[in-house]
Amino acid sequence: MKVARFYAPGDIRLEDAPEPSPGPGELKIRVRNCSTCGTDVKISRFGHHHIVPPRVMGHEIAGEVAEAGAGVAGWAAGDRVQVIAAVPDGTCAECRRGRRTVCTAQESMGYHYDGGFAEYMIVPAKVLAVDGVNRIPGGVSFAEASVAEPLACVLNGQELARVGEGDDVVVFGSGPVGCLHVRVARARGAARVFLVEVNAERLHRAAALVKPDAAIDAGVADPVAEVLARTGGRGADVAITAAASGAAQEQAQRLMAPGGRVSLFGGLPKDDPLISVDANRVHYRELSLVGANGSSPAHNARALELIGSGQVQVDDLITHRLPLDALHDALDLVTRGEAIKVTIEP
Ligand SMILES: [Zn+2]
């Protein structure tokens with residue numbers, strides 16, 4: 001079978017490999033879609049401290065069960081499934097408290113285990129043990145199901161930021177994750193959603209699809225002034241930074257209404273993680289700054305339900321479908337920001 005393996009930064013090889021066979025407690029999956037994201041680009045350029053090469057990348061996975069290993073109950077060849085990316089151990093102090101997204105022993109598909117840029121892959125027993133394999137609802141395509149993983153991360157972020165009925169929400173960043181944030185905020189009852197982006201071309205492409213109440217070009221306008229003007233000076237209830245931008249994280253704090261929640265959804269570069277916080281603004285306005293680290297298995301299941309019920313549309317965000325052979329082209333498309341979602345069909 002064909003696989004795409006990471007060997008070193010700048011060195012991802014398309015190779016032939018023997019088909020894996022499932023051990024006890026494992027599933028073998030025929031991968032139908034594995035979508036790409038900015039993290040794949042980061043790994044391809046810089047590697048990752050959790051990846052010991054060679055490693056098959058790819059963590060937005062949907063496919064069909066090809067074979068169930070000994071002792072696996074409930075799954076049979078042909079079942080259509082989506083697989084989680086972040087794998088909690090289910091037993092650490094955080095997992096026992098129900099906080100599986102911040103598991104201190106978290107592992108990841110495509111990092112600790114071979115991922116989905118392959119014709120076949122193995123779902124480890126640890127994934128099955130935490131209910132990390134979800135049945136794809138009827139009417140949901142494999143490509144749509146592969147977007148359940150980033151959608152699950154977006155859900156986690158909006159739960160932590162308590163996005164709800166009547167909220168005015170600002171989303172910084174109009175990549176695929178920013179687009180998903182706009183749609184999830186609407187599904188959760190937000191009153192108005194404003195989309196902020198520094199790249200005019202990306203902004204207009206995203207805005208044409210997800211139709212925010214305002215598309216604010218931060219390359220030419222001050223997003224703080226724009227949001228205050230559009231909310232009668234009150235500010236936003238929630239701001240979400242879906243961009244690796246400390247500037248956006250600081251702007252977000254300055255456009256919050258009293259009681260507002262800032263979601264630092266996108267992380268910052270490891271060597272540049274510090275931002276300024278006006279502590280008095282946080283104090284007197286009772287603001288909350290919240291993080292978000294991936295998603296739990298339960299978030300993945302809920303994400304599939306949201307897609308299946310039509311509450312969150314994702315098919316139109318998938319702008320490019322490429323075969324595994326074209327993985328390098330796919331990563332280039334993601335790097336250049338010319339696509340919204342690029343999916344690989346091995
Ligand atoms: Zn844990």
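Accessible areas here come from the Shrake-Rupley method with a 1.4 Å probe, and for residues only the protein chains shown count as cover. This is a predicted model, where local features need pLDDT of at least 70, side-chain atom pairs count only at pLDDT 80 or more, and totals for chains, interfaces and linings use all residues. Residues are numbered from 1 along each chain as its sequence is written, and side-chain values use heavy atoms, with hydrogens and water left out.

**Exercise 1.** Find how much surface the protein exposes and what share carbon and sulfur atoms supply.

*Solution.* Start with the area: the protein exposes about 14200 Å². Next, take the share: carbon and sulfur atoms supply 49% of that area. Now turn inward: 53% of the 346 residues are buried (under 20% relative accessible area, 1.4 Å probe, protein chains only).

**Exercise 2.** Work out what the radius of gyration, taken over C-alpha atoms, says about the protein.

*Solution.* First, apply the globule rule, 2.2 Å times the number of residues to the power 0.38. For 346 residues, a compact globule would come near 20 Å; the protein has 20 Å, so the two agree. Then add the spans: the C-alpha trace covers about 60 × 40 × 40 Å along its principal axes.

**Exercise 3.** Locate Val127 in its nonpolar core, a set of buried Ala, Val, Leu, Ile, Met, Phe, Trp, Tyr and Cys residues joined through side-chain atoms within 4.5 Å.

*Solution.* Begin with the largest core, which has 42 residues; Val127 is among those touching the most other members, as are Leu27 and Phe117. Then list contacts (heavy atoms within 4.5 Å). Leaving out residues up to four places away in sequence, Val127 touches Val83, Ile84, Val87, Met109, Gly132 and Val133. Finally, another core of 41 residues lies apart from the largest one, including Val163 and Leu180.

Key: Buried means under 20% relative accessible area, exposed over 50%, partly exposed in between (1.4 Å probe, protein chains only).
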